Amino acid sequence: MDRTAVVTMRRWFLRAATMAALPGLLLSTGANAETVNIQGSTTVNTRLIEPYRHLIEAGSGHVLVVIANKSANGLLALLEKRTDLAMLSSSLEVEIAELKKTRPELAFDQLRSFEVFNSRIAFAVHPSNPVRQVSIDNVARILGGQIANWKELGGADLAIRPVYVRSAGGVTHSVIQQLLGGKPITTTAPIPVETGLQVVKVVNQEPGALGLAQIRLAQQYKLPELDTSGYFVEQKLSIVSLGIPSAAAQAVISVARAVAEKKLAEAQ
């Protein structure tokens, strides 16, 4: 059996063993434990790392040091070798394209992405808004500036005010790529904010809001979301390494994927 096949089988058995042991993982950190630094997306951190850190550390046998900022910050830290792994909540290709504008000399070709989960994005509205169903094409027209008032969609005479994370936000990037073909959001009354939490808080206060929100936060704040007739925009959550990850980093990735597949899928 060649080396590639052996490595593949080892990874499969690790993942299978982790899945079987969840939620009562028996492994624990010990004398051979290494510290694995991971930095980046707040979405990956709040949905996966923070709530299930004990499972990931126990299952991998290693200790995590986590800095949650933004996908772009984590990727830059990885390329500058200030962290072992980066957390991304948007496309690696999009993040690379943005970073190349200012740091073209970095080793982008050495990046390796490991997808851990896909999360549906919610188009959240204020509880008083009677509009509950909008085609995905009309959502794109709203964000592209062709539809500007809720009355055009059967609602009140109110300006539609898209609320979204202004820069380096995984939800925003995912919507721009999947609905707008990479073009920026163009509306007359936008409300750009700094974090995903601010998105849902603003939607909860602004009657004309249309929030580009993490599904978990929209549900947490009990915000209605538009029914887009079965078409979903998804946010890809991934962990990225620079070159082949170390054995400790690979163990963390493998266990994180198994935890995500079980725990986050249950929560969807």
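**A β-α-β unit and its surroundings**

In this structure, strand β1, helix α2 (residues 42–60) and strand β2 form a right-handed β-α-β unit; right-handed means that, with the strands pointing away from the viewer, the path from the first strand over the helix to the second runs clockwise. Helices (H or I, at least four residues) and strands (E, at least two) are DSSP runs, numbered from the N terminus. The model is predicted: local features need pLDDT of at least 70, side-chain atom pairs count only at pLDDT 80 or more, and totals for chains, interfaces and linings use all residues. Residues are numbered from 1 along each chain as its sequence is written, and side-chain values use heavy atoms, with hydrogens and water left out.

Student: How many residues of strand β1 (residues 35–41) are buried?

Tutor: Buried means under 20% relative accessible area, exposed over 50%, and partly exposed in between (1.4 Å probe, protein chains only). Strand β1 is mostly covered, and the number of its 7 residues that are buried is 5.

Student: Which residue in β2 stands opposite Gly40?

Tutor: Two strands pair if DSSP finds at least two bridges between them. Strands β1 and β2 (residues 63–69) run parallel and are joined by 7 bridges. In β2, the residue opposite Gly40 is Ala68.

Student: Which residue in β3 stands opposite Ile38?

Tutor: Strand β1 also pairs with β3 (residues 85–88) in the parallel sense, over 3 bridges. Opposite Ile38 in β3 stands Leu85.

Student: Which residue caps the N-terminal end of α2?

Tutor: The cap is made by a side-chain oxygen that lies 3.0 Å from the backbone nitrogen of Thr43. The residue that supplies this oxygen is Ser41.

Student: On which residue is the kink in α2 centred?

Tutor: The expected span of a helix is 1.5 Å times one less than its number of residues. A straight helix of 19 residues would span 27 Å, but α2 spans only 22 Å between its end C-alpha atoms. The bend at a residue is the angle between axes fitted to the seven residues ending there and the seven starting there. In α2 the kink is about 75°, and its centre is Arg53.

Student: Which residue follows α3, and what is the sign of its phi?

Tutor: Helix α3 (residues 71–79) has several buried residues, among them Gly74 and Leu78. Contact means heavy atoms within 4.5 Å, and what covers these buried residues includes β1, β2 and β3. The residue after α3 has a phi near 60°, which is positive, and this residue is Lys81.

Technical notes. A polar contact is a pair of N or O atoms within 3.5 Å; within protein, one must be able to donate a hydrogen and the other to accept it, and residues adjacent in sequence count only if both atoms are side-chain atoms.
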